[in-house]
Amino acid sequence: METSKNQISIIGLGPMGIKIATLYIQQGFQVTVFNRTQAKTDPLVKLGAKRAETVREALAASPVSIVIVHNYGVVNELFSSLENDDVLSGKTIVQLTTGTAQEARLSETWFRKRNAAYIDGAIQVAPEQMAQPDTTILFAGNTDKYQELLHRLTILGGNLKYLGENIGAAAAMDTATLSYIYGAAAGFLHGALIAESENFDVKEYGNIIAEIAPGMGEFLKHEGKVIASGDFSISQSPLSISVEATERILATAKLSGINTEFPEFSANWLKRAELAGYGQEEFAAVIKTLRQQA
Ligand SMILES: NC(=O)c1ccc[n+]([C@@H]2O[C@H](COP(=O)([O-])OP(=O)(O)OC[C@H]3O[C@@H](n4cnc5c(N)ncnc54)[C@H](OP(=O)(O)O)[C@@H]3O)[C@@H](O)[C@H]2O)c1
C-alpha cells in the first residue's frame, strides 16, 4: 500500500543513486527517480519505480527526496529553477552528494529558506558495499528530523554515525576520513615501488597490508584519544622510533633509485617534530608542529 511513509524520491542516478533506488524498491518503497540522462531510469522503472520528468516532479512525488549527484555545482544547477517555487515547502531533503562543510552549510541555508528540512550525509563505501551491517554513512542535521528519517536511512547501511546538529559535520568528517585514506594510499603506493624494486610479490604485499590494517586502525584510534586528551606522554610508541623508521625508508629509496617524494615528505614531518623537542613524546605529538604551521 502506498503511504507517505514509504514514498521516496531519488534525484541522481550515477552508480550510487542507482544502488540506493534499487535498495528502496527491494524494500517495498514507492520510489520516484529523476536523472538528467533519462535512459538510466529505464531499468528502475522496470523494477517498479516511477519516472519523474523534472526535479520538481520528483520532489512533489514524495515527502523525502535523496539528492545524490556528482557535486554541489550539479545540485545548484538542478535546483536553480526552483528558486521561487513552493514545491520544496514542507519537504525533506537528504543530501548525500559529496562536498565540503561550507557547501553543506550553504546548501542547508538555501533549502531552509524554501521551508524544506535538510539532513546532510556522507557515504563512506562504494555502491556494492551499501546496505551491509558494517556500511558506514555519516549524518548531520536536526536531531528530531534525523530520528524521524531513521526507518528510511537504516535501509542504506547498518553503521550510521550521527554527528550532531552542526550541518557541516558529516562533510567535514568525510574530508578527514578521506585525508586518512589518501595518506595511507600514498604510503601503500610507495611500498609497492619497494616491492617492485626488490622483486617481491606486490599482490602478497597487498595481502599483508590487509592483515595489518585492523591493528593500525586500533593504533590510530588510540592516537586520536591522545590528541583529544592533550596528554602526549608516551603510552604506546615514542615519536623517535618513527623518525628513525621514516629516515630508513628514505635511505632505502635513495639506495634503490626509486621515487623519494613520499619518504621525503614523511621523514620531514616527523623530523621537524623531533627537532621541536617532541622525540620522547607519543607519536601523535607531531600534530603540535602541524598546528603551529597553520
Ligand atoms: N560511487 C561511489 O563509490 C561513491 C561513494 C561515496 C560517495 N559517493 C558520492 O555520491 C555522489 C554520486 O556519485 P556516483 O558515483 O553515483 O556518480 P557521479 O558520477 O559522481 O554522479 C553521477 C550523477 O550526477 C549527475 N550529473 C553529473 N553532471 C551533471 C550535470 N551537469 N547536470 C545534471 N546532472 C549531472 C549524473 O547525471 P547523468 O547520468 O545524466 O550524467 C548522475 O546522476 C557523488 O557526490 C559521490 O562523491 C559516491
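**A friendly note on the sheet, its helices and two residues**

1. Let's start with the sheet: 8 strands form an open sheet in the order β3-β2-β1-β4-β5-β6-β7-β8, with mixed pairing. β3 (50-51) and β8 are at the edges with a single partner strand each, so one side of each lacks a neighbour in the sheet. Strands here are DSSP runs of E with at least two residues, helices are runs of H or I with at least four, and both are numbered from the N terminus. Two strands pair if DSSP finds at least two bridges between them.

2. A word on the model. It is predicted, so local features need pLDDT of at least 70 and side-chain atom pairs count only at pLDDT 80 or more, while totals for chains, interfaces and linings use all residues. Residues are numbered from 1 along each chain as its sequence is written, and side-chain values use heavy atoms, leaving out hydrogens and water.

3. Now look at one pair of strands. β5 (residues 92-95) and β6 (residues 117-123) pair in the parallel sense over 4 bridges. Within this pairing, I93 stands opposite Y118 in β6.

4. Which strands does helix α1 touch? Helix α1 (residues 15-26) packs on the sheet against β1 (7-11), β2 (30-34), β4 (64-67) and β6, and its direction makes about 165° with that of β1. Helix α6 (residues 143-153) also packs on the sheet, touching β1, β4, β5, β6, β7 (136-141) and β8, at about 170° to the direction of β8. Angles run from 0 to 180 degrees between N-to-C directions, with axes fitted as lines to C-alpha atoms, for helices over the stretch in contact.

5. Is S107 buried or exposed? S107 is found in helix α5 (residues 101-113), and it counts as buried because its relative accessibility is 7%. (Buried means under 20% relative accessible area, exposed over 50%, and partly exposed in between, using a 1.4 Å probe and protein chains only.) Leaving aside neighbours within four places in sequence, S107 is in contact with Y72, Q95 and Y118. Contact means heavy atoms within 4.5 Å.

6. Compare N166, in the loop between β8 (159-162) and α7 (169-197). N166 is partly exposed, at a relative accessible area of 46%. Apart from neighbours within four places in sequence, N166 is in contact with R105 and A140. The side chain of N166 also reaches the backbone nitrogen of G168 at 2.9 Å.

7. Finally, a helix pair: α9 (residues 239-256) and α10 (residues 261-278) pack at an angle of about 145°, with their axes 9 Å apart.

Conventions: A polar contact is a pair of N or O atoms within 3.5 Å; within protein, one must be able to donate a hydrogen and the other to accept it, and residues adjacent in sequence count only if both atoms are side-chain atoms.
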